Each structure stands twice: as C-alpha cells, then as structure tokens.
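Trainee: I would like to learn how to read a model like this one. Please take me through the features step by step.

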Amino acid sequence: ALAAKGFAAPAFAAAAITFLNFLGAILWLPESFPKEAREKAKNAKANHKRHLLKALSDSFKHPVASLIVVLAVVSLSLSMLQATFGIFYQERFQLAEKTAAQHIGYVFAVVGTVSVIVQGFLIGRIAKLIGEKAAIVYGALISAAAFMLIATANSLVLIAVFAGIHAFGLAIITPGTLALISKRVKEEEQGAIMGITHGAAS
C-alpha cells in the first residue's frame, strides 16, 4: 500500500518504525551486562574519553578484529543493496516509479520473511549443526553468489528468489559473527567491543 505512493512513503514509515523500536528498547529491554561487571568496567577507566580511544585502538589489534571487519563488510554490502536496488530495478525494467516501488516492496517482503524465519527459528539449529565459524563462511558464499545472480536476473520472480537467498546468507552471518565475538572477549571488554562492533556494522 505504501509503495503505491512512491519511494518516499516506505522510507518515512521505516523511520517511524525504527523510532518505535528505539523507544521499545529503552522501555522494555533489560540490561544484559551484569551489574558487577559494569561496576568493574566503570572502575577500570579513569578517563572516559581516553578509555574509548584506547578501546577503539585496541580493537584493531584484538583477536576479534577480523570478525568486526567481516560484520562491517557485510553491513556495507547490505546498505549498498538497499540504497541502489530501487534505481537498479527501475532502470532494468524501465518501470514508472510507483510500479517499481510496489515490486521492490514485494522483494523486500521476501527478504524480511526469510530473515525472520532464519533468525527466529533456524539459526540455533544451524549453529549447532555446523558451528558459528562455518555459518559465517557459508553465509558469505551464499550472499556473494546471490548478489551476482540478482545482477543477472531478468524477472521480478527471479530477483525475489535471489534476494531471499541473499537474506538467508546474511541471516546466518550476523548472529554467528556476534556470537563468536561475544565468546572471544573478556567480560569486562564486552561493552566496549560490542559497541565498536555495532558501530562498525552501522
């Protein structure tokens, strides 16, 4: 319905939903970092700014640095897809803006559905079956292949299928990478490293 109004309406709707998500996180999500660990981390830093700069500098030498880079590259690829897909689709099929927006809405609906199914129901089983490290590797290969297939697809159905495959790959990369990072850092490093990780991924 929103897509019928052009590219701008879904963007504003997404911004509103994101803001509601932000409010929900503040109001209802409990703090996962134990109070004792928070106090330990707080006491360990005399200068907040210096601590942040040191944490950023140390992250490049940290054993999880390669995982942070993986997540950043994955996030960049997804951002590039989202930013350019509308232009690509409209130019590929020479469609009016509203028609292209509707079709793109269908594609992203497939992407969202696949992501929810994988991250909501399948990722735990996949991680147990092949492990987080293998999930990252296979997810990257699947996503890369799907990207190339999207570029060559000549119909809405094919693009939706390949976009769904791409979403499957991303849906197993991200949780696997975050899980490995969480397991490989010390408890008192969790906040700083995870903050840097999510910053790099955004």
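Trainee: At which residue does α5 bend, and by about how many degrees?

Mentor: Some ground rules come with the answer. This is a predicted model, in which local features need pLDDT of at least 70, side-chain atom pairs count only at pLDDT 80 or more, and totals for chains, interfaces and linings use all residues. Residues are numbered from 1 along each chain as its sequence is written, and side-chain values use heavy atoms, with hydrogens and water left out. Helices (H or I, at least four residues) are DSSP runs numbered from the N terminus, as are strands (E, at least two). A bend is the angle between axes fitted to the seven residues ending at a residue and the seven starting there. In α5 the bend is about 65°, at Leu122.

Trainee: What does α5 span between its end C-alpha atoms?

Mentor: Start from the expected span, 1.5 Å times one less than the number of residues. For a straight helix of 34 residues that gives 50 Å. Helix α5, residues 97-130, spans only 43 Å. Just after α5, Gly131 takes a positive phi of about 90°.

Trainee: Which residues of α5 are buried?

Mentor: Buried means under 20% relative accessible area, exposed over 50%, and partly exposed in between, with a 1.4 Å probe and protein chains only. The buried residues of α5 include Ala100, Ile104, Val107, Val118 and Ile126. Their cover includes α4 (65-93) and α7 (156-184). Contact here means heavy atoms within 4.5 Å.

Trainee: Which residues make up the largest nonpolar core?

Mentor: The general idea first: in soluble globular proteins, nonpolar side chains tend to be buried together. A nonpolar core is a set of buried Ala, Val, Leu, Ile, Met, Phe, Trp, Tyr and Cys residues joined through side-chain atoms within 4.5 Å. The largest one here has 12 residues, among them Leu81, Phe85, Ile104, Ile150 and Phe162. Two or more residues come from each of α4, α5 and α7. The largest share, four residues, is from α7. Another core, of 10 residues, lies apart from it and includes Leu67, Ile136, Leu180 and Met194.

Trainee: Is Thr177 buried or exposed?

Mentor: Thr177 counts as buried because its relative accessibility is 0%. This residue lies in helix α7. Leaving aside residues up to four places away in sequence, Thr177 touches Leu67, Val70, Leu71 and Ile136.

Trainee: How many salt bridges does a search of the whole structure find?

Mentor: One. The criterion is a side-chain nitrogen of Lys or Arg within 4 Å of a carboxyl oxygen of Asp or Glu. Glu132 pairs with Lys183, with the closest N and O atoms 2.9 Å apart. Glu132 sits in helix α6 (residues 132-152) and Lys183 in helix α7, 51 residues apart. Glu132 counts as buried, at 19% relative accessibility, whereas Lys183 counts as exposed, at 59%.

Trainee: How many aromatic pairs does a search of the whole structure find?

Mentor: A pair of aromatic rings is described by the distance of the centres and the angle of the planes. Rings of Phe, Tyr and Trp (its six-membered ring) pair if their centres lie within 6.5 Å; planes under 30 degrees apart count as stacked, over 60 as edge-to-face and the rest as tilted. The search finds five. Phe85 and Tyr89 form a tilted one, 6.0 Å centre to centre with 40° between the planes. Both residues are buried. Phe85 also forms a tilted pair with Phe108, at 5.7 Å and 55°. Phe85 lies in α4 and Phe108 in α5, so this pair ties together parts 23 residues apart in sequence.
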